[in-house]
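Me: Please take a close look at one part of this protein. I would like a single connected account, in short sentences.

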Amino acid sequence: MIENFKNILVLAPHTDDGELGAGGTIAKLIESGSKGTYAAFSTAAEAVPEGVPSNILKEEVAKATSALGIPNERLIIFDCKSLLFFLISPSYHSFQAYPTI
């Protein structure tokens, strides 16, 4: 039955969500001949610590999706801001995370 899927689209809120949540399924589908496209909506670049290259999360998702069999030309990365950073308290020292509804 898995061989019936010819194209798959992975929609990931952040760059690591798709492979962490469904990496095994993605790999199995690609191995069975499906063509995969991966779209990540946020790199959460705001969360990258100082001293770490700002593009590290883009590099990591490119390596991870390539390992799953998704070529770089089928990797789409949007730079949407992470919801958490819209909810930072004015002092920027304490975070208040609110559940998404």
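The part to examine is strand E2, along with what surrounds it. How many of its 8 residues are buried? Which strands does E2 pair with?

Reply: This is a predicted model. Here is the setting, then the strand, then its surroundings.

The protein has 2 helices and 3 strands. From the N terminus on, the order is β-α-β-α-β. There are 101 residues, and 30% of them count as buried.

Now the strand. E2 covers residues 35-42. Of its 8 residues, 6 are buried. The cut-off for buried is under 20% relative accessible area. With 6 of 8 buried, E2 is therefore largely enclosed by the rest of the structure.

E2 pairs with E1 and with E3. Take E1 to begin with. It spans residues 7-14 and runs parallel to E2, with 7 bridges between them. One pair to look up on screen is Leu9 of E1 and its bridge partner Thr37 in E2. The pairing with E3, residues 75-77, is parallel too, with 3 bridges. There, Ala39 stands opposite Ile76.

Next, the connections. Helix H1, residues 17-31, forms a β-α-β unit with E1 and E2. That unit is right-handed. Helix H2, residues 56-68, forms another β-α-β unit with E2 and E3. This unit is right-handed as well. E2 thus belongs to both units.

What packs around the strand? The largest nonpolar core has 14 residues. Those with the most contacts inside it are Ile8, Ile26, Ile30, Tyr38, Ile70 and Leu75. E2 supplies at least two residues of this core, as do E1, H1 and H2. The largest share comes from H1, with 4 residues. In general, nonpolar side chains tend to be buried together in soluble globular proteins.

Ile8 shows how the core meets the strand. Beyond residues up to four places away in sequence, Ile8 touches Ile26, Leu29 and Ile30, among others. Its contacts also include Lys35, Gly36 and Thr37. Ser34 is on the list too.

Now follow the chain past the end of E2. Thr43 lies in the loop between E2 and H2. Is Thr43 buried or exposed? Its relative accessible area is 7%, so Thr43 is buried. Leaving aside neighbours within four places in sequence, Thr43 is in contact with Thr15, Leu57, Lys58, Ile77, Phe78 and Asp79.

Two of those contacts, Lys58 and Asp79, also meet each other. Their side chains form a salt bridge, at 3.3 Å from N to O. Lys58 is in helix H2 and Asp79 in the segment after E3, so the pair ties together parts that are 21 residues apart in sequence. A search of the whole structure finds 1 salt bridge. Asp79 counts as exposed, at 51% relative accessibility. Lys58 is partly exposed, at 35%. Thr43, in contact with both, is buried.

Last, the wider view. Among contacts with a separation of 6 or more, 67% join residues 24 or more positions apart. The protein exposes about 6,900 Å². Carbon and sulfur atoms supply 60% of that area.

To recap the strand: E2 is largely enclosed. It runs parallel to E1 and to E3.

Note on methods:
Residues are numbered from 1 along each chain as its sequence is written. This is a predicted model: local features need pLDDT of at least 70, side-chain atom pairs count only at pLDDT 80 or more; totals for chains, interfaces and linings use all residues. Side-chain values use heavy atoms; hydrogens and water are left out. Buried means under 20% relative accessible area, exposed over 50%, partly exposed in between (1.4 Å probe, protein chains only). Two strands pair if DSSP finds at least two bridges between them. A crossover is right-handed if, with the strands pointing away from the viewer, the path from the first strand over the helix to the second runs clockwise. A nonpolar core is a set of buried Ala, Val, Leu, Ile, Met, Phe, Trp, Tyr and Cys residues joined through side-chain atoms within 4.5 Å. Contact means heavy atoms within 4.5 Å. A salt bridge is a side-chain nitrogen of Lys or Arg within 4 Å of a carboxyl oxygen of Asp or Glu. Accessible areas come from the Shrake-Rupley method with a 1.4 Å probe; for residues, only the protein chains shown count as cover.
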